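Hi there,

Here is the structure I promised to pass along. Please have a look at it before you read my notes underneath.

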Amino acid sequence: MCNNCFLEIPDTCIKIFEGSKVRLGRFETQVWVLHHGWYTCNGNRPHCGWYFVNLDNPSMIKPVSLPDLYDIYLVEN
């Protein structure tokens, strides 16, 4: 893991790192874990970048989008 690699939540000074647990407003009851690297979701070809994995269902993967960063309301590092 790169200790210098992080995403910053827009309009805040909050940084989230690989392994951070977050909650998104539109998925209130689910906890997502931030990861960086190669991932595949929705049957598409592998991509390299930031993505969320559902804590309770690790097969549920979601690419990180800018609206997701605005939608974060709780962060656990």
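Below are my notes on the salt bridges and on the sheet.

One caution before the details: this is a predicted model, and the values below are all computed from it.

**Salt bridges**

Searching the whole structure turns up three salt bridges. Arg26, Lys62, Asp68 and Asp71 are linked by them in a network, so let me walk you through it pair by pair, with the cut-off in mind that a side-chain nitrogen of Lys or Arg lies within 4 Å of a carboxyl oxygen of Asp or Glu.

Arg26 and Asp68 make one of these contacts, with 2.2 Å from N to O. Arg26 sits in the loop between β3 (21-24) and β4 (32-39), while Asp68 belongs to helix α1 (residues 66-71), so this salt bridge ties together parts of the chain that are 42 residues apart in sequence.

Arg26 also forms a salt bridge with Asp71, and here the closest N and O atoms are 2.7 Å apart. Again the pair links distant parts of the chain, with Arg26 in the loop between β3 and β4 and Asp71 in helix α1, 45 residues apart.

The remaining pair is Asp68 with Lys62, whose side chains meet at 2.8 Å, N to O. Asp68 therefore takes part in salt bridges with both Arg26 and Lys62, under the 4 Å cut-off.

How buried or exposed are the residues of this network? Arg26 is partly exposed, with a relative accessible area of 44%, and Asp71 is partly exposed as well, at 22%. Asp68, on the other hand, is buried, its relative accessible area being 0%. Lys62, its partner, is buried too.

**The sheet**

Five strands form an open sheet, and their order is β6-β5-β4-β3-β7, with antiparallel pairing. At the edges are β6 (61-63) and β7 (72-76), each of which pairs on one side only. On average, neighbouring strands in this sheet are turned by 40 degrees against each other, ignoring direction.

Within the sheet, β4 pairs with β5 (residues 47-54) in the antiparallel sense, over eight bridges. If you would like a spot to start looking at this pairing, try His35, which stands opposite Tyr51 in β5.

Happy to talk it over whenever it suits you.

Best wishes

Key. Residues are numbered from 1 along each chain as its sequence is written. This is a predicted model: local features need pLDDT of at least 70, side-chain atom pairs count only at pLDDT 80 or more; totals for chains, interfaces and linings use all residues. Side-chain values use heavy atoms; hydrogens and water are left out. Helices (H or I, at least four residues) and strands (E, at least two) are DSSP runs, numbered from the N terminus. Buried means under 20% relative accessible area, exposed over 50%, partly exposed in between (1.4 Å probe, protein chains only). Two strands pair if DSSP finds at least two bridges between them. Axes are lines fitted to C-alpha atoms, for helices over the stretch in contact, and angles run from 0 to 180 degrees between N-to-C directions.
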